[in-house]
Structure formats: structure tokens, C-alpha cells
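Visitor: I have a model to look over before I go back to the bench. Walk me through it, please.

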Amino acid sequence: MNFTEINNNGAVEGFCFVKNMEVKKTAKGVPFLDLILTDSSGEIGAKLWDYKEEIHRCVQPNVIVKIRGTISMFNDAPQLRVERVRAVLDSDGVRMEDFIPSADYTGEAMYDELFDEVSKFENAQLKKLVLTVLEQNKQKMLYWPAAFKLHHAIRGGLLYHTLSILRLAQAVASVYPSVEKELLYSGVILHDVAKIQEFDVSDAGVVSGYTVEGTLIGHLVRGAMNIEKIGDELGVDKELLTLVEHMIISHHGEPEFGAAVRPMFLEAEILSQLDLMDARIFEITQAVSEVQPGEFTPRQWALENRKLYNHGLTDVSPKADLL
């Protein structure tokens, strides 16, 4: 944890994100807080023994606070004893992205790149459809994760995943002139938007689980339902709308992975392959970044239970340059 030592008695202070908070009681029935605190360097267990609800209201899950306390070892692990805590002030200049796993780019930069690409569409109906969806969902898209676990389960992960696939799709379209690129780009940008309805997500961009609708319907079917409704309201050609809906419900490729049908035209197939490719690149890079060069990762159940090797020829952990 990136705490600063403030005296010779082991006292430290710093900003941290409250990942988990639970009110418990001592053997004598005195309430205390059992916390898990995180920042960009990791996490630490913490206790606030002198807990008073009226004083410590600022300590809530999914918020950043400033902590002062002392660190000691407990059961062979460091533990922080919280002595003072306060809410973050605007003047502190802290960013949520510095305390929880986040996309390499800002939400605004990623959104703007998608929006600018669609603004250049020549197909007026696709342009109107995609821009409408982007505008309706902008605020949540800026921080929404792409998954509960696994790939892009990070703040801003939904836009990060979408932007990565769009860039891949642009490269594919430059190689294969038979690709109807505006249809492909539309499917790319719209394919996961309904994840906004699939997950319970805090304002910090942390997923706590699936919604009832997300569990019973899922983002593929819900996404197609949303597009049909919006497309009908905008008067989009029915066959064109059906093509976009097919790309959404087929982008998982196989029924066993959640696809309602398999991709049945070129752009739908490209979307499905690029979606899988980007997800696997993220998962492999993340797993390998957690071991030293020359070492293997533990088996990754989401990748056919394979162990992965860090060959050390590239740095797998850096942040990309901001847009």
C-alpha cells in the first residue's frame, strides 16, 4: 500500500479505496469496523476499533477515504489499525482510477473515439442508430466494467473492450475490401452495451453481481431487444436492423457460450472472432503479468485450464499512453 510514514513510531497515512466494510462486535459487544482497503499497489486488511457510526459515516464501501494509523503483523500478514479517517476533499486531487483497476484510457477519451468514428458513417440509418445508443448510455459507459470477473472486469472496461475491438475491426476492414465496414463497426460498438443492464455496479465502477434481468435474460438478448425498440422508433430499415440484432445475439459464437445463433454473415463472424480475441489477449496478459519472467502462471480455468508462460521478452504490465 502506498502509505507515507509520518513519524518514527510506525504511524502512516494515505488515501485508499474501501473495498469491503463490515460492522462487527468484540467479545464484549463493542462495535468495530473490519475493512479491506486497496490502492494501485495492492490491498490490506484493517480494523477501526473505536467505531462510532455518527463520526465515521464517511467510511462506506466503494469510496475513497484518507486514513491514518499503524501497521503491524497479524497471522503472518500486515494489518492496519485505523486511528483517524476522513472523507476525501476536492482539494485532495485524488482520482478513482488510481485506487481500483481501471482502463488504460479515460472514459471520455474512449467514448469520444467511438463517437467520432460513427460520426463519419455514410449510412445515415446506422449513424443515427449507433449515435442514439451512445448518447442514451454515455454516463454509465464512461465507467462501466465489461464483466463481473474475467476479461475487462475493471473500471471503464466496457469502453476499453469495445474500443480495442473497433481498432481491430478497422485493421481487418483495411485488409479485406469485402467487409461492409460500417455494419461491422456498428455491431462492434453495440454488441455489449446491454451489459449496463446486466450488472449491479457502484459509481466507482465496481461490480457486485448480476441483476435479475442480467441473470434471466443476459446482455445478448437484452441488447437485441433494445436495438429493435430504438431502431423502430427511429424508423431504421427492418432488414438492416435485423442484421445488427443478429450480430449482437451471435457474437459469443457458439450456443454453449451463450450465443442464441451462430454468426451467419461475414461481419457477424468477424465480430465474434475479434470479441474472443480481445478477451483472450486481456486474460493472458493479465495472468502473465502476475508472474516473473521464466515462470508459469497457475492454471487458468477460463483458458482451457492452461498454464501460461511469461517469456519476459516484453513488459506485460505497462499502461498505454493516454489518448
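Visitor: Which helix gives the largest share of the lining of the second largest pocket?

Guide: This is a predicted model. Helix H5 (195–198), H7 and H9 each supply at least two residues of that lining. The largest share is eight residues, and they come from H9.

Visitor: How much space lies in the second largest pocket, and which residues are closest to its centre?

Guide: The space comes to about 1000 Å³. The lining counts 33 residues. Closest to the centre are Leu 150, His 151, His 252, Phe 257 and Leu 276.

Visitor: How many residues of that lining are charged?

Guide: Sort the lining of the second largest pocket by class. Nonpolar residues number 14, and polar ones eight. The charged residues number eleven.

Visitor: Now the interior. Which helix gives the most to the largest nonpolar core?

Guide: The core has 53 residues; Leu 134, Leu 184, Leu 190 and Ile 227 touch the most other members. Elements that give two or more residues include helix H1 (107–119), helix H2 (124–141), helix H3 (157–175) and strand S7 (199–201). With nine residues, the one that gives the most is H3.

Visitor: Which residues does Leu 134 touch, not counting those up to four places away in sequence?

Guide: Take Leu 134, one of the residues that touch the most other members of the core. Near neighbours in sequence are set aside here. Leu 134 then touches Tyr 111, Leu 114, Phe 115, Val 118, Met 141 and Ile 189.

Visitor: How many residues are in the other core?

Guide: This core lies apart from the largest one. Among its residues are Val 12, Leu 37, Tyr 51 and Val 85. The count is 18 residues.

Visitor: Is Tyr 111 buried or exposed?

Guide: Tyr 111 is found in helix H1. Beyond four places in sequence, its contacts are Leu 134, Glu 135, Lys 138, Leu 142 and Leu 159. Its relative accessible area is 3%. Buried means under 20%, so Tyr 111 is buried.

Visitor: What separates the C-alpha atoms of Tyr 111 and Leu 163?

Guide: Along the chain, the two residues are 52 residues apart. In the model, their C-alpha atoms are separated by 8.3 Å.

Visitor: Where is the pLDDT below 50?

Guide: The chain averages a pLDDT of 91, and 98% of the residues score at least 70. One stretch falls below 50, though it has 16 contacts in the model beyond near neighbours in sequence. That stretch is residues 318–323.

Definitions and conventions
Residues are numbered from 1 along each chain as its sequence is written. This is a predicted model: local features need pLDDT of at least 70, side-chain atom pairs count only at pLDDT 80 or more; totals for chains, interfaces and linings use all residues. Side-chain values use heavy atoms; hydrogens and water are left out. A nonpolar core is a set of buried Ala, Val, Leu, Ile, Met, Phe, Trp, Tyr and Cys residues joined through side-chain atoms within 4.5 Å. Buried means under 20% relative accessible area, exposed over 50%, partly exposed in between (1.4 Å probe, protein chains only). Helices (H or I, at least four residues) and strands (E, at least two) are DSSP runs, numbered from the N terminus. Contact means heavy atoms within 4.5 Å. On a 1 Å grid over the protein atoms alone, a cavity is a set of points where a 1.4 Å probe fits but cannot get out, and a pocket is an open set with protein on both sides within 12 Å along at least five of seven lines; lining residues have an atom within 4 Å of a point. Grid points are joined across faces, edges and corners, and a volume is the space filled by probe spheres set on the points. Ala, Val, Leu, Ile, Met, Phe, Trp, Tyr, Cys and Pro count as nonpolar, Asp, Glu, Lys and Arg as charged, and the others, Gly among them, as polar. pLDDT is the predictor's confidence in each residue, from 0 to 100.
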